[in-house]
Amino acid sequence: MTTATTTPAQPQPSAGLRGVVVGDTRVSQVDGQQGQLIYCGIDIHELARNSSFDEVAYLLWHHALPSQANLDEFRTQLAQRRALPAPLLRVLRELPKNSTPMDVLRTAASALALFDPAVKDITPAANLEKAMRLKAVFPTILAAFYRLSQDKEPVEPRVDLEAAANFLYMFTGKEPEPQAARVLDVALVLHADHGMNASTFSAIVTAATLADMYAAVVSAIATLKGPLHGGANEGVIANLMEIGDIDKVDSWVSGKLARKEKIMGFGHAVYKTNDPRVTDLKAIAKESGERAGTTKWVEMTERMEKAVWEQRQLYSNVDLYSASVYYTLGIPPTYFTPVFAMSRVVGWCAHLMEQYANNKLIRPGENYVGGRDVKYVPISQRQADVPV
Ligand SMILES: CC(C)(COP(=O)(O)OP(=O)(O)OC[C@H]1O[C@@H](n2cnc3c(N)ncnc32)[C@H](O)[C@@H]1OP(=O)(O)O)[C@@H](O)C(=O)NCCC(=O)NCCS
């Protein structure tokens, strides 16, 4: 092995790019010290209480709260974009029924580009059109694939229902109770954006090469899938099911921590205090559990939160209570992360529109730590691999 002869001075890398600022945004801010999240300056709690997912999408894309007339118009435009291109539905029919729904969403989002004649157009108007299309069609993709995987025919979207109600309608085939639709709508509001997180960063890295918005959103979906990011909500319900009984929560937590295993739904790269979304999600998780007559999951979740705090002082994050919210709504665990994506696509598109409007290729560096002045050994003289 040849070692370095001279090592030029190199800057200290920031592990996980923590503390690195990639640009300016007007979309959202995460204050990890105060435990505050704002969308365009408005506190998330206020939006969760008073707003709707569609209104939040308008806010994040236009940086303005819509008038009633503009919101009505926006909703109509979104509803008109809910149907799937017929060939895409045929593609969904051909996919293996046991496909991971997050992979189906990624594949379908990629395929959507093929049905957009203006795919390469990255002007603000074309990007807004793509954003509306992506937001409108994600629920249809997921509900259609779910039903196909259950040997049922997809249910056509309805234009008269709001986003969450329409999704539950297409998913189950029945118009949901207004309270159930409201619970999902609040969850969608709370997941819509979260500063420069991993999936949003993936999206803007792709967009910064001036690749189109579908390509950028496909990168984001792929990144959201991982268990350290959006995939954590599925991990939470898997853990609750594995534990099975509230009296076993404490010992299960002790075991995980003793083995130094990560517990899904806890810890955060930015929050050094409570994740503000947890408060709202806990409230709706309890409310929907009581309404559905099954408080088991939310009670186990609360017990887990208490045990993790007592044993390791870790705060819970957005994925902890969203798991029991979705489960109580009858959404299967493999759809938890896709439902997150159905919401976060709004935030991705908001950041993408900012990126395209003020673009610079993203090209960080890295420190080379390998050998130098390594002699090249011709292959004929190598009896085995030559480590360098
Ligand atoms: C989100 C996450 C990746 C943030 O990671 P991070 O800020 O880089 O923090 P680290 O992973 O370096 O963890 C710091 C310490 O806390 C511990 N820790 C962090 N999250 C933990 C968790 N969920 N369970 C157990 N221990 C955890 C780490 O083991 C580490 O301990 P150590 O210093 O003794 O090695 C991390 O908390 C995590 O993996 N959480 C679980 C997955 C999850 O819920 N993701 C959704 C995020 S919204």
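Biologist: Along β2, which side chains point to one face and are buried, and which point to the other?
Modeller: L37 and Y39 point to one face and are buried, while Q36 and I38 point to the other and are not buried. A residue is called buried if 20 or more other C-beta atoms lie within 10 Å of its own, exposed if 12 or fewer do, and partly exposed in between, with C-beta atoms placed from the backbone. In a regular strand the side chains alternate between the two faces of the sheet. The model is predicted, so local features need pLDDT of at least 70 and side-chain atom pairs count only at pLDDT 80 or more, while totals for chains, interfaces and linings use all residues. Residues are numbered from 1 along each chain as its sequence is written.

Biologist: How do you know that β1 and β2 pair?
Modeller: Two strands pair if DSSP finds at least two bridges between them. Four bridges join β1 to β2 (residues 36–39), so the two strands meet the rule. Among the partners in β2 are Y39 for S28, I38 for Q29 and L37 for V30. The faces of β1 also divide: S28 and V30 are covered, Q29 and D31 uncovered.

Biologist: What makes β2 and β3 a pair?
Modeller: Two bridges join them, and the rule asks for at least two, so they pair. In β3, I42 is the bridge partner of Y39.

Biologist: What makes β1 and β3 edge strands?
Modeller: The three strands form an open antiparallel sheet in the order β1-β2-β3. β1 (28–31) and β3 (42–43) each pair on one side only. Both connections are hairpins: four residues lie between β1 and β2, with G35 at a positive phi of about 70°, and two lie between β2 and β3, where C40 has a positive phi near 45°.

Biologist: Why is α15 called a helix?
Modeller: Helices are DSSP runs of H or I with at least four residues, strands are runs of E with at least two, and both are numbered from the N terminus. α15 covers residues 318–328, eleven residues, so the length rule is met. The protein has 16 helices and three strands.

Biologist: What makes α15 mostly covered?
Modeller: Eleven of its eleven residues are buried. The cover over them includes α8, α11, α13 (276–292), α14 (296–312) and α16. After α15 comes G330, with a positive phi near 90°.

Biologist: Why does I237 count as buried?
Modeller: I237 has 24 C-beta neighbours inside 10 Å, and the cut-off is 20, so I237 is buried. I237 lies in helix α11 (residues 232–243).

Biologist: Which residues does I237 touch?
Modeller: Leaving out residues up to four places away in sequence, I237 touches A323, Y327, P333 and F336. Touching means contact: the C-beta atoms of two residues, placed from the backbone, lie within 7 Å. F336 is 99 residues from I237 along the chain, and their C-alpha atoms are 9.5 Å apart.

Biologist: Where are the bounds of the two domains?
Modeller: Domain 1 is 44–231 + 335–357 and domain 2 is 245–328. Such bounds come from an automatic or database domain assignment. The contact between the domains takes twelve residues from domain 1 and 13 from domain 2. On the domain 1 side, α1 (44–50), α8 (178–191) and α16 (336–357) each give two or more residues, and α8 gives the most, six.

Biologist: What makes a nonpolar core?
Modeller: A nonpolar core is a set of buried Ala, Val, Leu, Ile, Met, Phe, Trp, Tyr and Cys residues joined through C-beta atoms within 7 Å. The largest one has 109 residues, and V56, L60, L105, L184, V217, C349 and L352 touch the most other members. α16 gives this core the most, 13 residues. Each domain supplies at least three residues to this core.

Biologist: How do you know that the radius of gyration agrees with a compact globule?
Modeller: The globule rule is 2.2 Å times the number of residues to the power 0.38, and the radius is taken over C-alpha atoms. For 388 residues the rule gives a value near 21 Å, and the protein has 23 Å, which agrees. Of these residues, 43% count as buried.
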